[in-house]
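User: Could you take a close look at one part of this model for me? I'd like to hear about the main nonpolar core and what sits around it.

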Amino acid sequence: SVSFMNNQKPQKPTLSGQRFKTRKRDEKERFDPTQFQDCIIQGLTETGTDLEAVAKFLDASGAKLDYRRYAETLFDILVAGGMLAPGGTLADDMTRTNVCVFAAQEDLETMQAFAQVFNKLIRRYKYLEKGFEDEVKKLLLFLKGFSESERNKLAMLTGILLANGTLNASILNSLYNENLVKEGVSAAFAVKLFKSWINEKDINAVAVSLRKVNMDNRLMELFPANKQSVEHFSKYFTEAGLKELSEYVRNQQSIGARKELQKELQEQMSRGDPFKDVSI
C-alpha cells in the first residue's frame with residue numbers, strides 16, 4: 001500500500017496540469033467562432049439555395065470543421081443566416097448568408113426541405129442532437145426578436161422536426177416563458193407549430209409525444225393565468241383551424257376531473273365515511 005501511494009504522488013500534478021492547459025485552450029477557441037462561421041457561409045454561398053447541395057456540403061464539412069465545439073454557431077447560421085446576438089438579433093458586423101430558414105419562402109414545402117437538411121446532418125453527426133435541441137430552446141426564447149414571418153417559418157420547421165423525431169417535445173418548455181405568454185407570442189407560435197406537426201402525423205401521435213414529456217396537461221399554460229380555461233383554449237385553437245387540438249385538451253381536462261373525483265371517493269370510503277355522506 002505504501003508503494004502504491006508513492007506511485008500515485010508524482011502523477012497527480014502532471015494530470016491536473018494537463019487538464020488545466022486543455023481547458024484554457026478550449027476556452028480561447030470556443031469564443032472565436034468567426035473563422036468557423038466564415039467557412040460555413042463561404043460554402044453555403046457556393047452551394048446556393050439547392051438544399052441537396054447544402055446537405056452534401058454540410059456532410060463533407062463535418063470531417064474538416066469542429067461541429068462539436070461550434071454547434072450553436074452552425075445552427076444559428078442555418079436558421080438565421082449568421083451568428084445571433086443575445087435576444088435574437090443578427091450581429092451587425094458579421095457576414096451572413098441567405099441560404100437559411102429565415103430567408104427562405106414561408107411555406108410548408110420549403111420548410112419540409114429544410115427539415116431534411118437538419119435530419120441528414122444530425123443522422124450523420126449524432127453528437128449534434130443535444131446541441132440542436134439546445135439551439136431550438138434558445139430560438140424559442142428569442143421569438144420576440146424575430147419578425148412574424150421568421151417566427152412562422154421556425155414554427156413550421158419545429159412542427160415537422162417534432163413529427164419526425166429529430167426534436168423532443170420537451171423543447172416546448174421554452175414557450176411557457178412568462179413574457180412570450182403574456183404578449184400572445186407563445187399561443188400564435190403554437191398554432192403554426194401544431195398545424196405542421198399534425199399535418200405530418202396526426203393528433204394521436206402528437207398526444208403520445210406530449211405525454212412522454214408530461215406536457216399533455218400543460219397546453220393551457222400557453223395563455224396567461226386569467227385565460228387558462230378550456231373554453232378560451234378551445235375557442236382560440238378552433239378558430240385557428242385546430243379543432244382536433246381543442247378536442248384533445250377538452251378530453252384531457254375531463255379525464256383529469258374524473259381522476260380527481262375517483263381519488264376523492266376513494267379517500268372518503270377509506271375514511272369509512274357513511275355512504276350517504278359521500279359527495280359526488
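Analyst: Happy to. The largest nonpolar core here has 79 residues, and those with the most contacts inside it are Leu172, Phe194, Trp197 and Leu219. The biggest share comes from helix α9, residues 185–200, which gives nine residues to this core. Keep in mind that this is a predicted model.

Let's start with Trp197. Setting aside its neighbours within four places in sequence, Trp197 is in contact with Gly159, Leu162, Ala163, Ala169, Leu172, Val206, Ser209 and Leu210. Leu172 is thus a partner of Trp197 and also among the core residues with the most contacts. Gly159, Leu162 and Ala163 on that list fall in the span of α7, which runs 148–163, while Val206, Ser209 and Leu210 belong to α10.

That brings us to the packing of α9 with α10. The two helices pack at an angle of about 115 degrees, and their axes are 8 Å apart. From α9 come Phe194, Trp197 and Ile198, which meet Ile203, Val206, Ser209 and Leu210 in α10. By character, the residues of this contact divide into six nonpolar, one polar and no charged. Phe194 and Trp197 do double duty: they take part in this helix contact and are listed among the core residues with the most contacts.

Now follow the chain past α10, into the loop between α10 (203–212) and α11 (230–239), where Asn214 has its place. Asn214 has a phi near 55 degrees, a positive value in a residue other than glycine. That's worth a second look because most residues other than glycine have a negative phi. Is Asn214 buried or exposed? Asn214 counts as exposed because its relative accessible area is 60%, and the cut-off for exposed is over 50%.

Further along, Arg218 forms a salt bridge with Glu221, with the closest N and O atoms 2.9 Å apart. Arg218 has 25% relative accessibility, so it counts as partly exposed; Glu221 is partly exposed too, at 30%. Glu221 also has a neighbour in Gln228, which touches Met220, Glu221 and Phe223, not counting residues up to four places away in sequence. Gln228 lies in the loop between α10 and α11 and is partly exposed, with a relative accessible area of 36%.

On the other side of α9, just ahead of it in the chain, there's a salt bridge between Glu183 and Lys144, the closest N and O atoms being 2.9 Å apart. This pair links distant parts of the chain, 39 residues apart: Glu183 is in the loop between α8 (178–182) and α9, whereas Lys144 is in the loop between α6 (128–141) and α7. Lys144 counts as partly exposed, at 41% relative accessibility.

For context, the structure holds 12 salt bridges. Another of them joins Glu247 and Lys243 at 2.8 Å, N to O. Both lie in helix α12 (residues 243–270), four residues apart, about one turn of the helix. Glu247 has 41% relative accessibility and counts as partly exposed, as does Lys243 at 47%. Elsewhere, Glu72, Asp76, Glu135 and Lys138 are linked in a network of salt bridges.

So, back to where we began: α9 gives the most to the core, and its contact with α10 has no charged residues. The charged pairs covered here include Glu183 with Lys144 and Arg218 with Glu221.

Conventions:
Residues are numbered from 1 along each chain as its sequence is written. This is a predicted model: local features need pLDDT of at least 70, side-chain atom pairs count only at pLDDT 80 or more; totals for chains, interfaces and linings use all residues. Side-chain values use heavy atoms; hydrogens and water are left out. A nonpolar core is a set of buried Ala, Val, Leu, Ile, Met, Phe, Trp, Tyr and Cys residues joined through side-chain atoms within 4.5 Å. Buried means under 20% relative accessible area, exposed over 50%, partly exposed in between (1.4 Å probe, protein chains only). Contact means heavy atoms within 4.5 Å. A salt bridge is a side-chain nitrogen of Lys or Arg within 4 Å of a carboxyl oxygen of Asp or Glu. Axes are lines fitted to C-alpha atoms, for helices over the stretch in contact, and angles run from 0 to 180 degrees between N-to-C directions. Ala, Val, Leu, Ile, Met, Phe, Trp, Tyr, Cys and Pro count as nonpolar, Asp, Glu, Lys and Arg as charged, and the others, Gly among them, as polar.
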